Amino acid sequence: MTTTVRARMRPSTASQRLHDLSRPQLPTSAIAGRSLLYAILIVLAMIYIAPFLVQVATSFKTDVEAATNPISLLPQTWSTAAYERLFLNSDFPIWFQNSAIVTVFVTLGRVFFNSLAGYALARLHFRGRNVIFALLIAVMSVPGVVLLIPKFLVINQLGIYDTYVAMIVPLLTDAAGVFIMKNFFESIPASVEEQARIDGAGNFRVFWSIVLPMARPALVTIIILSFQGSWNELSHFIVATQSPELTTLTKGVASLASGQLSQGTQYPLKLAAAAIMTIPVAVMFFIFQKRIMNTTDGSVKE
């Protein structure tokens, strides 16, 4: 029986050796170059990750230790005093709630309105379409800070200043999102819509039932960009509100960093707030990172 087992094992061993011999062997220089590339990438990754690790570690330090040894990654005395003060003795929960409300509504609005506008520019033929698209590109090149004063004047004239409406409505669309959706819809062949139009479906029905489900990669991209942009927005909220009850995380953390709400350095308090603020964006990105737009997804070859 041992001989039979050996006889059965010999062909597989021989085939394995033949496979190993047929596999192309990398030269020593190529292996050294690849190793050097991996080493450089690891160093760059550590450079980007190190500040975040310092931030998290410092948030668990005492004020004295954070001031004397700010860049150590292991606190000598672990303390949750900064987090307790944020959630129990400050307006941080209100800031978080306001940011969450604005971010959810802005993200949903941008997904709907950006995709609707992108479909209109990609599929509907009307006079002035090229002019509108050119103006859209022009808006993308204008720095946002230039529009702050006009934005404040419009919000004030409409009588919505210092309200949730002023925080949400001006952010419901963005030129970059419309541009992304337009390009994606143009990559989908028009033939996929012909059967629905033959059956009597209108433009909105074709958009909602046929084209939009095929644009899932682009929609995921819009969701990530809209969530991140509205969650981290600061300048718009400065000109749109002034009540403490409508303060968002960005305004609140900015006030902490400037020392308006505390005395001394207060490094653990400030970095704890910043660490909590980064969690939703990081979670959103890691959930959807594999579904970010690929312009070939959803399209049909004609």
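This passage describes the nonpolar cores and aromatic pairs of a predicted model. Local features were considered at pLDDT of at least 70 and side-chain atom pairs only at pLDDT 80 or more, whereas totals for chains, interfaces and linings use all residues. Residues are numbered from 1 along each chain as its sequence is written, and side-chain values use heavy atoms, with hydrogens and water left out.

The largest nonpolar core (buried Ala, Val, Leu, Ile, Met, Phe, Trp, Tyr and Cys residues joined through side-chain atoms within 4.5 Å; buried means under 20% relative accessible area, exposed over 50% and partly exposed in between, with a 1.4 Å probe and protein chains only) comprises 21 residues, and Leu86, Phe92, Leu249, Leu256 and Ala273 have the most contacts inside it. At least two residues of this core come from each of helices H4 (81-88), H5 (92-123), H12 (216-231), H14 (249-257) and H15 (267-288), where helices are DSSP runs of H or I of at least four residues, numbered from the N terminus. The most is given by H15, with nine residues. A second, separate core of 17 residues includes Phe184, Ile188, Val211 and Leu212.

The whole structure contains 16 aromatic pairs (rings of Phe, Tyr and Trp, the last by its six-membered ring, with centres within 6.5 Å; planes under 30 degrees apart count as stacked, over 60 as edge-to-face and the rest as tilted). Phe133 and Phe179 are stacked, at 6.0 Å centre to centre and 15° between the planes; because Phe133 lies in helix H6 (residues 129-140) and Phe179 in helix H9 (residues 175-187), this pair ties together parts 46 residues apart in sequence. Phe133 is partly exposed at 22% relative accessibility, as is Phe179 at 28%.
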